[in-house]
Amino acid sequence: MKPINGLLATLLVLLASCFPSLQGSPPEAPSPTVTANALEVTRVTNDPKVEFAPRLSPNGEWLLYSAYDPSVKGPKAYSIIAISPKGGAQRPIAGPGAVWGAWFPDSRNIVYVSLLGSQPILVRTTAGGVGTTFVTNNPLGGLDEQPDVSPDGRVIAFHTYLQGRFVLASVNVDGTSPTIYVPGTSPRWHPNGKKLAFDRLVEGKWHIFTLDLESGQVTQLTSGRHNNSFPSWSPDGKWLTFQSDREGNYQVYIMKEDGTAVTQITKGEGAAVEPNWGSDGYIYFSSTFGNVSFEKREEWRAADIWRAKPKLPE
């Protein structure tokens, strides 16, 4: 369910495995539902593209997400779009050949992964998509992916592929001081900037960990025979949201920062993946729910961005 060697294969495997319905042509999918632990769920996007990796700006005004157009071949099928979190007109930010955008704390700049070279590299641009600056002119490893900017805006964490495995890494925003940490993928900064949440493959299953950047201590938060991945911190840093297949299809969950109080947010026949906890308190995620347009069996079915308001346990 997580990355494999080769970026385009990564995305295809990731979304196809998260969304079993993308692999066939079932009847109409139901609208998304939430458990009693959520107050509401609403659609943000609605079009034929596969939309994933939602990221709300720190000021709450714009939602960034990646889009894959099945009608276009190769890396140019990927682009980064911005939209109001309440829906409305889409605004192209980067692409073609751009994926996995993340905001800087000022809500005016983003970093993303460019696919147009021989290897993925990190690129910086404005929220208006004007001008680009190469953060890593050459990739640090085989696949520099899924960047996340530190709360002070000085360092970019990401994962890369080195010596046969995925590892957490970081560079300064100007590309200097490359640093390799520990094995893992999908790093996310804690709001205090002192640790990272990430996931790692353990005995064939993905689980969530934290890395204390001062002590170097790695703490495992999830365990068991189900996959748990793509962590994202709550604005106050006391909770994490993540995706898990413990009930069959991937759904959105939350848990306390120490791994306790695991609580399911979404449910139903569709899949809900890659959650991001926004500064407005909503959890944004990609889902097949409510999508009724199908093509050939071999082709992808669209996935849209939704958001849910979690009700935190006492």
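These exercises work through the strands, sheets and empty spaces of one predicted model.

Residues are numbered from 1 along each chain as its sequence is written. The model is predicted, so local features need pLDDT of at least 70, side-chain atom pairs count only at pLDDT 80 or more, totals for chains, interfaces and linings use all residues, and side-chain values use heavy atoms, with hydrogens and water left out.

**Exercise 1. The whole chain**

Task: State how many helices and strands the protein chain has, and what share of its residues is buried.

Solution.
- Step 1. Fix the terms. Helices (H or I, at least four residues) and strands (E, at least two) are DSSP runs, numbered from the N terminus.
- Step 2. Read off the elements. The protein chain has one helix and 26 strands.
- Step 3. Turn to burial. Buried means under 20% relative accessible area, exposed over 50%, partly exposed in between (1.4 Å probe, protein chains only). Of the 314 residues of the protein chain, 54% count as buried.
- Step 4. Look at contacts (heavy atoms within 4.5 Å). Among those with a separation of 6 or more, 44% link residues 24 or more positions apart.

**Exercise 2. A sheet with β2 and β24 at its edges**

Task: Give the strand order of the sheet that contains β26, then find the partners of R307.

Solution.
- Step 1. Recall the general rule. Strands of a sheet pair through backbone hydrogen bonds, either parallel or antiparallel. Here, two strands pair if DSSP finds at least two bridges between them.
- Step 2. Write the order. It is β2-β26-β25-β24, an open sheet of four strands with antiparallel pairing.
- Step 3. Mark the edges. β2 (38–43) and β24 (272–277) each pair on one side only.
- Step 4. Add the twist. Neighbouring strands of this sheet are turned by 25° against each other on average, direction ignored. Axes are lines fitted to C-alpha atoms, for helices over the stretch in contact, and angles run from 0 to 180 degrees between N-to-C directions.
- Step 5. Take β26 (residues 304–310) and β25 (residues 283–287). Five bridges join them. Y284 stands opposite R307, and S287 has D304 as its bridge partner.
- Step 6. Go to the other side of β26. Five bridges join β26 to β2. There, T42 has R307 as its bridge partner.
- Step 7. Check burial. Six of the seven residues of β26 are buried.

**Exercise 3. A second sheet**

Task: Describe the open sheet that contains β16 and β17.

Solution.
- Step 1. The order is β15-β16-β17-β18, and the pairing is antiparallel.
- Step 2. The edge strands are β15 and β18 (218–220).
- Step 3. Neighbouring strands are turned by 30° against each other on average, direction ignored.
- Step 4. β16 (residues 195–202) and β17 (residues 205–212) share eight bridges. One pair across them is V202 and K205.

**Exercise 4. Strand β3**

Task: Explain why β3 counts as largely enclosed, and describe its hairpin.

Solution.
- Step 1. Seven of the seven residues of β3 are buried, so the strand is largely enclosed by the rest of the structure.
- Step 2. β3 pairs with β4 (residues 63–68) in the antiparallel sense over five bridges. V50 stands opposite Y68.
- Step 3. Six residues lie between the two strands of the hairpin, where G60 takes a positive phi near 75°.

**Exercise 5. Cavity and pocket**

Task: Compare the linings of the largest cavity and the largest pocket by class.

Solution.
- Step 1. Define the spaces. On a 1 Å grid over the protein atoms alone, a cavity is a set of points where a 1.4 Å probe fits but cannot get out, and a pocket is an open set with protein on both sides within 12 Å along at least five of seven lines; lining residues have an atom within 4 Å of a point. Grid points are joined across faces, edges and corners, and a volume is the space filled by probe spheres set on the points.
- Step 2. Take the cavity. The count is one cavity of 30 Å³ or more. The largest holds about 180 Å³. It has 13 lining residues, and the closest to its centre are R55, W100, Q146, R188 and F230. β15 gives the largest share of the lining, three residues.
- Step 3. Take the pocket. The largest has a volume of about 520 Å³. It has 23 lining residues, and the closest to its centre are R55, P58, D148, W189 and W277.
- Step 4. Sort by class. Ala, Val, Leu, Ile, Met, Phe, Trp, Tyr, Cys and Pro count as nonpolar, Asp, Glu, Lys and Arg as charged, and the others, Gly among them, as polar. The cavity lining has seven nonpolar, three polar and three charged residues. The pocket lining has twelve nonpolar, eight polar and three charged residues.
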